[in-house]
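Please load the model in your viewer and keep a selection panel open beside it. The stops below are meant to be followed in order, each beginning with something to select.

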Amino acid sequence: MAATSFGRAICLALFSVSLASCGDSTGSPIQKSAVEGLQSRAFYEARGWVAAWDDDSTEALEKAIANAPAHGLRADMFLRQPPPEGGERHVALARAALLYASALRGGYVDPKSLGNIYTIPRPKPDLAKGLNQALANGDVGAWLESLAPQTDEYRKLSEAYLQYRQLAAQKQTTMVPEGESIRPGRRDPRIPAVAAALQANGYLDAPPGEPQKPPRYLPELVDAVKRLQADYGMKSDGVIGPDTLEALNRGPADRARRLAVGLERLRWTDRDPPPTRIDVNTAATFLDYWRDGQNAGRRRVVTGEPGWETPQLQSPIVSLVAHPIWRVPDSIWEDELQEKGPAYFAANNMQFRDGRLVQLPGPKNSLGQVKFDMENPHAIYLHDTPAKALFADIERHRSHGCVRVAGATDFALQLASENGIARQLQEGWASGDETFVKLQRAIPVRLLYRTAYLDGGVVRLVPDIYGWDDPIAAKLGLGSVPPRRRPGGRLGVDIGP
């Protein structure tokens, strides 16, 4: 009896440091009633309800989960101390392995649980089968690490996350007081606080010394501010206005938080997307066209303003529409147009057809000369626009949810030529009437909201204009942050979709 108690005490002591094997050995029976969750049950059913974990596989799992911070996750989300004893230990290890595998392969947070439209396909691996195979091959750690995205973007965001996580732990951000914009060369008593904030955010090695009072906004600081502005998708003019001030005051902890959210979003997406596709980053407002796995061009876009957010969805372009008629959605009619009179409708070439307001083809048509007709129940599509000046703006969240494409007619002709329907599209334009030209091969479009992304090898952050980062961060256990500056009132300058 005493020997048994002594052995148990040693076992518990070992558990406080490691999850090395104590109690039931590999091959011992597992009670079915102790196993919860579909993946865990599938895992143990496949192995005949016997224990799985020896010392080596336990150590490999422990090391793998200890690396969770590289993925913007916390180890205690998957494996808690102290672990249970006996057969329950094996169940806990399997549960931890499968939960961690699920987080790496498809994300810890279910995007559909966040209350927004999300129809982009997610990975659906057989994790129970994969874990059993990894245990049989003795490569649990390698298998787990293989589940995360194996892309340069994921690696770069991970490196940046770890860098800002470390900065946040080492340095306390100095808050820069609000006030008038600080322009290059000007004097301002807040300059020392600006320098300290730049240093805390990793943009400055050390604040430059200057004996003059009040201190001057010198070129070294201006260059550092311009780098910060570029990373945040702002105009890189070195002027410290409200947006730049907010970025400075958020500090490295906020950057780390947003990068962790960016890593989570990357884990949501399929590892093998269609090689020919269109990806729209609705947060950063640009479009990438991928053809046969190679980037065939980037274009600026205008996406939904706050309150009219562009949803996160995947949907194919099935037709190109020359001189499209805009069938005004009920929501825009009710919110913005029902008080308008006949003179307004005549000036904008609008009329009622079958009880519905439509805008006929012409120079004022909100869809421009071409619509990229997409197949989805949300009436979301890509299109041209007569409001082309918006593409020059840094802030391009100005639509009612659809995506306006810069150089849309050239892009449509490119897609038509690659699809063998260029002649039909040109004939449609020449007709002056609405003409649907069906694509021979539909082109998938993914509307992705990514506030952290890789741009030419550089990690960029853009404002979370929809406020969609914070619910993800909360579910990842990253805490809350003060409300961000949000644009007030209508941003749009027209009524287009």
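Strands, as the term is used on this tour, are DSSP runs of E with at least two residues, numbered from the N terminus. The model itself is predicted, and local features are described where pLDDT is at least 70.

**Strand S13 and its partner across the chain**

Begin by selecting Asp455, which is placed in strand S13. With a relative accessibility of 25%, Asp455 counts as partly exposed, because that class lies between the buried limit of under 20% and the exposed limit of over 50%. Now add Glu153 to the selection: although Asp455 and Glu153 are 302 residues apart along the chain, their C-alpha atoms are separated by 8.7 Å.

**The second largest pocket**

Keep Glu153 displayed, since it leads to the next stop. The second largest pocket has a volume of about 690 Å³. It is lined by 27 residues, of which Glu153, Arg277, Trp290, Arg446 and Arg450 are the closest to its centre. To see what frames the lining, colour helix H7 (152–170) together with strands S1 (277–281), S2 (286–291), S3 (294–304), S12 (435–448) and S13 (452–455), each of which supplies at least two lining residues. Strand S1 makes the largest contribution to this lining, with 4 residues. If you then colour the lining by residue class, it divides into 11 charged, 10 nonpolar and 6 polar residues.

**Two positive phi angles**

Move next to Thr285, in the loop between S1 and S2. The phi of Thr285 is near 55°, a positive value in a residue other than glycine, and with 2% relative accessibility Thr285 counts as buried. Then select Asp354, in the loop between strand S6 (350–353) and strand S7 (356–359). Is Asp354 buried or exposed? Asp354 is exposed, with a relative accessible area of 85%, and its phi, likewise a positive value in a residue other than glycine, is near 55°.

**Aromatic rings and the charges over them**

Show the side chains of Phe, Tyr and Trp for this stop. The structure holds 15 aromatic pairs. Zoom in on Phe43 and Tyr44, whose ring centres are 4.8 Å apart and whose planes meet at 75°, so the pair is edge-to-face. Phe43 is buried, with a relative accessible area of 0%, and Tyr44 is buried with a relative accessible area of 0% too.

Then select Trp333, Tyr344, Phe345 and Phe352, which ring pairs link into a cluster. While Tyr344 is in view, add Lys340, whose charged end sits over the ring of Tyr344 at 4.9 Å from its centre. A further arrangement of this kind appears on selecting Lys371 and Tyr381, where the charged end of the lysine sits over the tyrosine ring, 4.3 Å from its centre.

**Buried residues in loops**

Select His323, in the loop between strand S4 (314–322) and strand S5 (326–327). His323 counts as buried at 15% relative accessibility, because the limit for that class is under 20%. Which backbone oxygen does the side chain of His323 reach? It is that of Trp429, at 2.8 Å.

Continue to Arg396, in the loop between strand S9 (382–383) and strand S10 (397–399). Arg396 is buried, with a relative accessible area of 6%. Adding Glu305 shows a C-alpha separation of 8.2 Å from Arg396, across 91 residues along the chain.

The last of these loop residues on the tour is Val176, between H7 and helix H8 (191–200). Val176 counts as buried at 3% relative accessibility, and the C-alpha atoms of Val176 and Val194 are 6.0 Å apart in space, with the two positions 18 residues apart in sequence numbering.

**Helix H5 from end to end**

Finish by selecting helix H5, residues 127–137, together with the residue on either side. At the N-terminal end, Asp126 caps the helix, with a side-chain oxygen 3.5 Å from the backbone nitrogen of Ala128. Along H5 the buried residues include Leu127, Ala128, Gly130 and Leu131, and further on Asn132, Ala134 and Leu135. Just after H5, Gly138 takes a positive phi of about 70°.

Key
Residues are numbered from 1 along each chain as its sequence is written. This is a predicted model: local features need pLDDT of at least 70, side-chain atom pairs count only at pLDDT 80 or more; totals for chains, interfaces and linings use all residues. Side-chain values use heavy atoms; hydrogens and water are left out. Buried means under 20% relative accessible area, exposed over 50%, partly exposed in between (1.4 Å probe, protein chains only). A polar contact is a pair of N or O atoms within 3.5 Å; within protein, one must be able to donate a hydrogen and the other to accept it, and residues adjacent in sequence count only if both atoms are side-chain atoms. Rings of Phe, Tyr and Trp (its six-membered ring) pair if their centres lie within 6.5 Å; planes under 30 degrees apart count as stacked, over 60 as edge-to-face and the rest as tilted. A charge sits over a ring if NZ of Lys or CZ of Arg is within 6 Å of the ring centre and within 35 degrees of the ring normal. On a 1 Å grid over the protein atoms alone, a cavity is a set of points where a 1.4 Å probe fits but cannot get out, and a pocket is an open set with protein on both sides within 12 Å along at least five of seven lines; lining residues have an atom within 4 Å of a point. Grid points are joined across faces, edges and corners, and a volume is the space filled by probe spheres set on the points. Ala, Val, Leu, Ile, Met, Phe, Trp, Tyr, Cys and Pro count as nonpolar, Asp, Glu, Lys and Arg as charged, and the others, Gly among them, as polar.
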